[in-house]
Amino acid sequence: MVLNPARRPTYIPNRISDPKYIRIFDTTLRDGEQSSGVALTPKEKLDIARQLAKLGVDVIEAGFPVASKSEAEAVKLIAQEVGNTSITDNNFGDHVPVICCVARCTKKDIDIAWGVVKYAKYPRIMMFIATSEIHMKYKLNMTKVEVLEKAKGMVQYAKSLGCHDIQFCIEDATKSEKEFLYEILGEVINAGATTVAIGDTVGYNLPGEFGQLIADIRANIPRIEDVIVSTHCHNDLGLATANTLLGASNGARQLEVTTNGIGERAGNASLEEVVMAIKCKRELLDQLYTGINTKHIIIASKMVEEYTGMQVQPHKAIVGANAFAHQSGIHQDGVLKNKSTYELISPEDIGLHRSNEFGLTLGKLSGSHALKMKLFEPGYNYDGKELSDIFARFKLLAETNKVITDDDLIALASN
């Protein structure tokens, strides 16, 4: 696996000095907390933010402060502590993450947001408005002209408060009329936005569509080179990671993700999937790279799972319990000879330390090679007829027991 080639660029809100660098914007504490059944305390949010900083996230979206007093308190705590603590990374150098919080396009929201996030070294407000016909008509009850004026006016208002790092997100952008999308993006850029985010709010696009949308935005909006283009993809059709990667391939330089892919409905683009895909496939992604210290991925994943109560499915890519486990005899034989036969990523690269070196689990499809290796762990060394006899009894047991435990193995060996 190719290591990232350069240090993290010095933070400038609307520009990245290295065109190959991808900012990772983690919204676990905002969009992730919007998952049904999740409610984090300020302390839990602070703990997760600390871990996201160690992970190397460029931007931490800390919450929606207008929602409640405790939410505002959490954002302020994160801004004061995490937003002023330098994290040392031997690969990328020291960095302090940007602390962001979300606001609707209202003065009240923006006032409260700025009041708590301003304590960070690098504070950012992310405001949003919807531009699709269905949202403007049924949710906002606003015309295009009204939406346009509201967006422009609220960016100017945030800037007047002293906020010079302003992200503007277009909600439901992928279902919006393109010409109107170009117009409103142009206006918020002229008003002072430093990042513009393109929301695939209900996971509507196929990867090719989303990639083309990012390319069209970059080709049709004056001064687009003066801002960072960001992606915000939901997973309703299971395409959030693919759409995010196609966005990066077409010029987006900030990618919005959540740890474990949690979020509204079917969730958001998964941090671990996006980051490891970029790391593994750099040669096909124009040598793009991130500043993520991937050895902290598992710790972050486990913390988010524990604090939110959102269990990670066993087959979840990268962080699922089965992601580095091998039960089929054919696969087990391969990894015992060379791990890379069936492991694209080394588990150590994400900070995973398995209970056994090869990630072997035993079941009815396992082979004698794996059984021999598993028996060797508690000190049994069998070959030839002895191994064949134990293997025959093991197969009978595996037909009735879905999981073969270490105690089962010891009983087989003792008999």
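Here is a short chat about the barrel and some of the helices in this predicted model.

User: What makes the eight strands a barrel, and what is their order?

Analyst: The eight strands form a closed barrel, in the order β1-β2-β3-β4-β5-β6-β7-β8, and their pairing is parallel. From one strand to the next, the twist averages 25°. As for helix α1, it packs on the sheet and touches β1 and β2, with its direction at about 175° to that of β2.

User: How do you know that β1 pairs with β8?

Analyst: Count the bridges. Two strands pair if there are at least two bridges between them. β1 and β8 have four, in the parallel sense, so they count as paired. You can look at two of the places where they meet: Ile24 stands opposite Leu255, and Asp26 has Val257 as its bridge partner.

User: And what about β1 and β2, how many bridges do they have?

Analyst: Two, again in the parallel sense. The cut-off is at least two bridges, so β1 and β2 count as paired. Here Asp26 stands opposite Ile60 of β2. Between the two strands the chain passes through α1: β1, α1 (residues 42–55) and β2 make up a right-handed β-α-β unit.

User: Why is that unit called right-handed?

Analyst: Picture the strands pointing away from you. The label right-handed is used because the path from the first strand over the helix to the second then runs clockwise. For this unit, the path goes from β1 over α1 to β2.

User: Which residues of strand β1 are buried?

Analyst: Both of its faces are covered: Arg23 and Phe25 are buried on one side, Ile24 and Asp26 on the other. Strand β8 also has both faces covered, with Gln254 and Glu256 buried on one side and Leu255 and Val257 on the other.

User: Why is Ser230 called buried?

Analyst: The cut-off for buried is under 20% relative accessible area. Ser230 has 0% relative accessibility, so it counts as buried. Ser230 sits in strand β7 (residues 228–233).

User: What is Ser230 in contact with, beyond its neighbours in sequence?

Analyst: Leaving aside residues within four places in sequence, its contacts are Gln167, Thr195, Val196, Ala197, Ile198, Gln254, Leu255 and Glu256. Take Thr195: Ser230 and Thr195 are 35 residues apart in sequence, while their C-alpha atoms are 6.9 Å apart in space.

User: How do you know that β7 and β8 are paired?

Analyst: Three bridges join them, and they run parallel. Pairing needs at least two bridges, so β7 and β8 qualify. Ser230 stands opposite Gln254 in β8. The chain gets from β7 to β8 through α8, in a β-α-β crossover that is right-handed.

User: What makes α7 and α8 roughly parallel?

Analyst: Their axes cross at roughly 30° and come within 8 Å. Angles under 35 degrees count as roughly parallel, and that makes α7 roughly parallel to α8. The crossing itself is right-handed. On the α7 side, Pro207, Phe210, Gly211 and Ile214 meet Ala242, Asn243, Leu246 and Gly247 of α8.

User: Why are α13 and α14 called oblique instead?

Analyst: The axes of α13 (residues 384–400) and α14 (residues 406–414) cross at roughly 140° and come within 10 Å. Roughly antiparallel would need an angle over 145, and roughly perpendicular runs from 65 to 115. The angle of roughly 140° fits neither range, so α13 is oblique to α14. Their crossing is right-handed. The contact involves Ile390, Arg393, Phe394 and Leu397 of α13 with Asp408, Leu412 and Ala413 of α14.

User: What makes α9 a mostly covered helix?

Analyst: Nine of its ten residues are buried. They are Leu271, Glu272, Val274, Val275, Met276, Ala277, Ile278, Lys279 and Cys280. Helix α9 (residues 271–280) lies across β1 and β8, at about 145° to β8.

User: And what do those buried residues of α9 pack against?

Analyst: They pack against β1, α1, α8, β8 and α10.

Terms used:
Residues numbered from 1 in each chain as written. Predicted model: local features only at pLDDT ≥ 70, side-chain atom pairs only at ≥ 80, totals over all residues. Heavy atoms only, no water. Buried < 20%, exposed > 50% of the residue type's maximum accessible area, 1.4 Å probe, protein only. Axes fitted to C-alpha atoms, helices over the stretch in contact; angles between N-to-C directions. Contact = heavy atoms within 4.5 Å. Left-handed = near helix turned anticlockwise from the far one by under 90°.
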